[in-house]
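Open the model in your viewer and keep the selection tool at hand. This tour goes from the whole chain to single residues.

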Amino acid sequence: MNNPLPAVAHPSSPRLLRLPASGPPRAPAGLRPCNNGCRNCSTEPDHLRSAPFNDPVRGRRIVIADYEPLLDRELPERVRDLKARGANEVVIITNGRLLCYPPLCSQLADAGVHEVVVKLFGLDAREHDAHTRDAGSFAQAAAGVRKAREAGLSVRVSFPLLSA
């Protein structure tokens with residue numbers, strides 16, 4: 001695996017490790033760090049508390065978040081690596097759009113992802129798509145939830161609080 005990801009120890013739990021998935025330090029030139037276009041992105045990585053990706057993970061719950069983790073083509077391999085090093089659980093926080101592709105869901109399940117948390121930014125397509133500034137993003141996320149469940153992944157849906 002190239003360019004190890006930085007890891008951020010979550011301040012509230014010694015058993016939780018938060019790993020930024022991608023973003024400016026890793027994103028290749030010209031690649032958007034997310035496939036949504038939200039005006040007020042709330043998933044900026046916290047690089048102030050960075051630690052090497054190879055931080056001890058044995059017995060910990062790993063949360064891969066920040067920007068859009070599913071854009072990282074090496075994500076299934078990274079999850080396998082975390083599980084091989086003893087991570088108890090691996091959770092991915094995502095906008096869920098790429099989960100509408102069954103092969104990706106299968107790869108994540110086979111790699112050992114414990115749960116995916118899909119963020120929705122409204123109760124319907126009109127509200128969600130207006131926030132993401134990407135028509136069809138709600139339909140893709142909803143399809144992603146269904147496909148992830150069909151692949152055997154545990155799925156939780158969250159509705160981040162947004163300011164008006």
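A residue counts as buried here when its relative accessible area is under 20%. Keep that cut-off in mind. The model you are looking at is predicted.

**Whole protein.** Select everything and show it as a cartoon. You should find four helices and seven strands. Trace the chain along the sequence, and the order reads β-β-β-β-α-β-α-β-α-α-β. Now switch on a surface. The protein exposes about 8500 Å², and carbon and sulfur atoms supply 53% of that area. Of the 164 residues, 46% are buried.

How are the contacts spread along the sequence? Take those between residues at least 6 apart: 74% of them join residues at least 24 apart.

**Helix α1.** Select residues 75-84, which form α1. Which residues of this helix are buried? They are L75, P76, R78, V79 and L82. Show their side chains and look down the axis of α1. The buried residues fall within an arc of 160°, so they line one face of the helix.

**After α1.** Next, select G86, which follows α1. Check the backbone here: the phi of G86 is positive, near 100°.

**Between α3 and α4.** Move along to α3, residues 125-132, and α4, residues 137-150. Select R133 in the loop between these two helices. What is the sign of phi at R133? It is positive, at about 60°, although R133 is not a glycine.

**Last look.** Return to the cartoon and color R133 in its loop between α3 and α4, then G86 after α1.

Technical notes
Residues numbered from 1 in each chain as written. Predicted model: local features only at pLDDT ≥ 70, side-chain atom pairs only at ≥ 80, totals over all residues. Heavy atoms only, no water. Buried < 20%, exposed > 50% of the residue type's maximum accessible area, 1.4 Å probe, protein only. Contact = heavy atoms within 4.5 Å. Areas by Shrake-Rupley, 256 points an atom, 1.4 Å probe, with all protein chains shown as cover. Arc of directions from axis to C-beta.
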